[in-house]
Amino acid sequence: MDGARFVRVTLRRAGLRRSFPPDFAARLEGKTVQALTRRGKYLVAPLSSGETLLMHLGMSGSFRLDIDAGSRRPGAGDEPGRHDHVVFRMSSGAIVTFNDPRRFGVMDLVRRGELNQYPALAGMGPEPLGPDFTAAALARACAGKRTPLKVALLDQQVVAGLGNIYASEALYRAGLSPRRRASTIATPTGLPREGAARLVAAIKQVLRDAIARKATAYRSARFRVYDRAGEPCRTRSCEGIIRRYSQAGRSTFSCPICQR
DNA sequence: ACCTCGACCTGCAAGC
DNA sequence: TGCTTGCAGGTCGAGG
């Protein structure tokens, strides 16, 4: 998509969780993708029109790429699947198809000047792998929060882009209980306690590992606690058994012995 | 201002 | 085999 022009945009239903923006296809067709970047869990594509295309995969979204569909004759095998909701035909010859069974994904179009006011992006926390995500920053964001620490990590205003799996994984590596109050990693004035530095390091480590392993499909990844309820803790000489419980409606996994 | 909960969807696995 | 139930990677609005 990067550098290519939208030749034809096909919407195969009225929307995902939300309706598509008005005249969505028409506002894309003929425009060039100037860059393809990311902020938190949003894909961000500034266009030649001055608008920016925002895309989010939700829980079950994915993109399928057919890189040189243009050089082949259209034929069998090109039929759209049941949950192929948006099809982008690009000037490069590529066809990019957005598939999302649960339709929790997002496609939106915003004027560039209004990107900062876009609700999900306004006030979004620092990028976890960026220089601004420090123990001091995390402590400041958690100070005064009575929410469990794990719930705070899922709050995109605290840190951008962490999801349910890696929140559990990071807390495990940091040796911190998901049930602690978020405020316990900070002093009353919002300065970091030692847990904050460990947690920041663990978040960065967990994400770097996942990216290095190209763990795009969560099923293919090997987690230390996520989805391992009843199995032994992997920490050397720890006798703990991984527990599963619910926090803010999401499953959490942790070792009751080595996470405090 | 902050927090929890249900709603939004479909698919799949387990239990009966 | 076929039904029901519960659970799934994320947000967002309503209500406490």
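A polar contact here is a pair of N or O atoms within 3.5 Å; within protein, one must be able to donate a hydrogen and the other to accept it, and residues adjacent in sequence count only if both atoms are side-chain atoms. The model is predicted: local features need pLDDT of at least 70, side-chain atom pairs count only at pLDDT 80 or more, and totals for chains, interfaces and linings use all residues. Residues are numbered from 1 along each chain as its sequence is written, chains are lettered from A and ligands numbered from 1 in the order written, and side-chain values use heavy atoms, with hydrogens and water left out.

**Exercise 1. Find the side chains that touch DNA strand B.**

Step 1. Start with the residues that have a heavy atom within 4 Å of the strand. They are R17, R82, H83, P101, R102, R103, F104, K145, R146, T147 and P148.

Step 2. Sort them by class, with Ala, Val, Leu, Ile, Met, Phe, Trp, Tyr, Cys and Pro as nonpolar, Asp, Glu, Lys and Arg as charged, and the others, Gly among them, as polar. You should get six charged, three nonpolar and two polar residues.

Step 3. Look at the DNA side. Sugar or phosphate supplies 60% of the strand B atoms within 4 Å of the protein, and bases supply the rest.

Step 4. Pick out polar contacts. A side-chain N or O atom of H83 lies 2.5 Å from a phosphate oxygen of strand B. For R17, the partner is a base oxygen at 3.0 Å, and R102 also has a base oxygen of strand B at 3.0 Å.

**Exercise 2. Work out the order of the open sheet and its edges.**

Step 1. Take strands as DSSP E runs of at least two residues, and helices as H or I runs of at least four, numbered from the N terminus; strands pair if DSSP finds at least two bridges between them.

Step 2. Trace the pairs: four strands give the order 2-3-4-8, with antiparallel pairing. Strand 2 (37-39) and strand 8 (106-111) each have a single partner strand, so one side of each lacks a neighbour in the sheet.

Step 3. Check one pair. Strand 4 (residues 51-56) is joined to strand 8 by six bridges, and H56 has V106 as its bridge partner.

**Exercise 3. Decide how covered helix 4 is.**

Step 1. Count buried residues (under 20% relative accessible area, with exposed over 50% and partly exposed in between; 1.4 Å probe, protein chains only). In helix 4 (residues 164-174), ten of eleven are buried.

Step 2. Find their neighbours, using contact as heavy atoms within 4.5 Å. The buried residues pack against helix 3 (149-154), helix 5 (194-212) and strand 10.
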